Amino acid sequence: MAVKACKSCKYIVEGSTCPACGGKEFSDGFKGRVAIVQPDQSEVAKQLKFEKKGVFALKL
Ligand SMILES: [Zn+2]
């Protein structure tokens with residue numbers, strides 16, 4: 001199935017609503033993905049401003 005990335009928070013979503021922020025606008029042309037496991041302990045999460053656990057797109 002095609003996955004897409006939330007335009008507001010970049011969370012990678014398979015359904016029609018973003019579980020991270022509730023957004024309903026998505027981009028399917030995202031590039032790269034990064035899994036955030038411990039957002040409060042991850043330098044990557046801080047730099048990219050990902051505050052939740054999950055898989056996020058690097059670039060929309
Ligand atoms: Zn979102």
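Donors here are N, O and S atoms within 2.8 Å of the metal. Keep that cut-off in mind for the first stop. The model is predicted.

**Stop 1: the zinc ion.** Select the zinc ion and its donors. Four SG atoms coordinate the zinc ion: those of Cys 6, Cys 9, Cys 18 and Cys 21. Their distances run from 2.2 to 2.3 Å. Now check the angles. They span 104 to 114 degrees among the 4 donor atoms, and the site is tetrahedral. Along the chain, the donors of the zinc ion are spaced as C-x2-C-x8-C-x2-C.

**Stop 2: Cys 6 and Cys 21.** What does this pair tie together? Cys 6 sits in strand 1 (residues 4–6). Cys 21 sits in the loop between strand 2 (12–13) and strand 3 (26–27). The pair therefore ties together parts that are 15 residues apart in sequence.

**Stop 3: cover over the cysteines.** Colour by relative accessibility. Cys 6 is at 0%, so Cys 6 counts as buried. Cys 18 is buried as well, with a relative accessible area of 3%. Cys 21 has 41% and is partly exposed.

**Stop 4: sulfur pairs.** How many disulfides are there? A disulfide needs a pair of cysteine sulfur atoms within 2.5 Å. By this rule the count is 0.

**Stop 5: the nonpolar patch.** Leave the metal and select Val 44, Leu 48 and Leu 58. On the surface, Val 44, Leu 48 and Leu 58 form a nonpolar patch. Together they have about 220 Å² of accessible area. End on Leu 58. Leu 58 belongs to strand 5 (residues 54–59). With a relative accessible area of 40%, Leu 58 is partly exposed.

Key
Residues numbered from 1 in each chain as written. Predicted model: local features only at pLDDT ≥ 70, side-chain atom pairs only at ≥ 80, totals over all residues. Heavy atoms only, no water. Donors = N, O, S within 2.8 Å, 3.2 Å for Na, K, Ca; no water. Tetrahedral: all angles 85-135°; square planar, octahedral: opposite > 155°, others 65-115°. Helix = DSSP H or I, 4+ residues; strand = E, 2+ residues; numbered from the N terminus. Buried < 20%, exposed > 50% of the residue type's maximum accessible area, 1.4 Å probe, protein only. Patch = residues over 30% accessible without salt bridge, like charges linked within 9 Å, V, L, I, M, F, W, Y side chains within 5 Å. Areas by Shrake-Rupley, 256 points an atom, 1.4 Å probe, with all protein chains shown as cover. Salt bridge = Lys/Arg side-chain N within 4 Å of Asp/Glu carboxyl O.
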